[in-house]
2 protein chains.
Amino acid sequence: MGMPVETATQRGQQTRERLLRAATELIPVLGWSGVTTRKVAERAGLRPGLVHYHFPSVDDLLTEAALAFTRSALTGPLHLLDDAPDLASGIVALVEALDAYTGQDEASLLMVEAYLAATRDARLREGMAAALAEFRAAVRERLAGQVPDADSAAALLGAVLDGLILHRSLAPMPTTAATAAHLLRMIGLPTAAAEDPASPDEEPSSMREGES
Amino acid sequence: MGMPVETATQRGQQTRERLLRAATELIPVLGWSGVTTRKVAERAGLRPGLVHYHFPSVDDLLTEAALAFTRSALTGPLHLLDDAPDLASGIVALVEALDAYTGQDEASLLMVEAYLAATRDARLREGMAAALAEFRAAVRERLAGQVPDADSAAALLGAVLDGLILHRSLAPMPTTAATAAHLLRMIGLPTAAAEDPASPDEEPSSMREGES
DNA sequence: TATTATTTTGGTCGAACGACCAAGGCAATT
DNA sequence: AATTGCCTTGGTCGTTCGACCAAAATAATA
């Protein structure tokens, strides 16, 4: 009667987490439906049968892994906003963190995979919606009073960051100074006019676009 | 010896396009790897064997369908920018079109699926990168001279729109007036101060977030 | 140490998949 | 009307999948 609704011992917890970690690494590489019990087990260095002992189904494993990752990926960088001296430089730090984060590994695409999979799974959708709502609320709270429309600014900010993750996965553009300046303008923050490095009113000179 | 490198007759073209359309409709519903030859054939009202006559493999079918859709979805709305009296109202029209477009069906998620699938398929990646580059170039061209940094503004604009598509698939937020105003500010367009409908400097009153 | 509960193993089952093909049906051309 | 390709059919092949299970191994408890 294996039904580990709550795993008891420590070793079981460890293998459970190894499976979760393996799934987390595999989702962005193979795609949501490309992740199978056997692949997860192989990646984790375990036997395939283990998966169904620790998780009722593959979807349960994927859902739990995706939700855990998404929550940490959304709420994790928020401390950058708090640690910065002011809101503007906090946003800049956020964008720079995104820059380093996206290039590192393609793990960030896990979140996008989860968004899409949420279209087909009610439980996943609830969790993702909750995580996103939490992110927006947190950002809005930090924006309130300093920008014109904190509500939709927070929503837009989230959309931009995810959109950048998505677009950068296929056309690696360095998003740093100019991006941050644009985002600051977007949310209506009185950007300190001194440190805007984008020289304005200049025609696009080169046309390096579809780079390898 | 069936090798329709170039289909000849009209009927063959029709079935080919029926298969492409079926694949286009199915990708956002079942996910990229969830689309099978049999499902496509069933959706199109045809026999499963047909798929491999008109397309070398399933991936070829999916790739062609995704690229065709992506190209039209990216370049299609561009005429809104040209038809509008000025750039600002063109952007507004673009956002409103997105609003109507996303709610209509979930077809817009096809593009996101294609972005992710491009991670695993070199040919698809090339096509998607080219389509995205074309979109950015077209937008940049229309922005040049009117905004500070047309280059990254165009890239940002594309990212925002795709990010909105993605986020709206899970938390249906009406993106209209406030969104457009934010985007105009972002790209640095001197928004006609008269028609900014978002009342500034107001604290967020209600907290409707994770709506059904 | 003896006992009990938990964890792991190795394998089976039916179902669905992509790919493939030979035969038959069809339409445009001669 | 005959012929010549293009189009369609229905089916098979080997593979891989999720799910499941009885039994062995292991760790915790008494």
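This passage looks at how chains A and B meet in a predicted model, and at two parts of the chains.

A good place to start is the relation between the two copies. Chain B can be superposed on chain A by a rotation of 180 degrees with 0.0 Å of shift along the axis, and the RMSD is then 0.1 Å. The two copies are therefore related as by a two-fold rotation axis. The same surface serves both copies, with 100% of the contact residues of chain B recurring in chain A.

The contact itself involves 58 residues from chain B and 59 residues from chain A. On the side of chain B that touches chain A, two or more residues come from each of these elements: helix H7 (109–118), helix H8 (122–143), H9 and helix H10 (177–187) of chain B. H9(B) gives the largest share of that side, namely 14 residues. Sorted by class, the side of chain B that touches chain A holds 31 nonpolar, 14 polar and 13 charged residues.

Helix H9 of chain B deserves a second look. This helix runs over residues 150–168, and at 1.5 Å a residue its 19 residues should span 27 Å; the end C-alpha atoms lie 26 Å apart, which agrees. H9(B) is also mostly covered, as 19 of its 19 residues are buried.

Elsewhere, an unreviewed UniProt entry places the feature "domain: HTH tetR-type" at residues 13–73 of chain A. Over residues 13–73 of chain A, the chain is 75% helix and 0% strand. The end C-alpha atoms of this stretch of chain A are 22 Å apart.

Notes: Residues are numbered from 1 along each chain as its sequence is written. Chains are lettered from A and ligands numbered from 1 in the order in which they are written. This is a predicted model: local features need pLDDT of at least 70, side-chain atom pairs count only at pLDDT 80 or more; totals for chains, interfaces and linings use all residues. Helices (H or I, at least four residues) and strands (E, at least two) are DSSP runs, numbered from the N terminus. The expected span of a helix is 1.5 Å times one less than its number of residues. A residue is buried if 20 or more other C-beta atoms lie within 10 Å of its own, exposed if 12 or fewer, and partly exposed in between; C-beta atoms are placed from the backbone. UniProt positions are given in the numbering used here, feature names are shortened, and annotations may be inferred rather than shown by experiment. Two residues are in contact if their C-beta atoms, placed from the backbone, lie within 7 Å. Ala, Val, Leu, Ile, Met, Phe, Trp, Tyr, Cys and Pro count as nonpolar, Asp, Glu, Lys and Arg as charged, and the others, Gly among them, as polar. Copies are superposed by least squares on the C-alpha atoms of residues with pLDDT of at least 70 in both.
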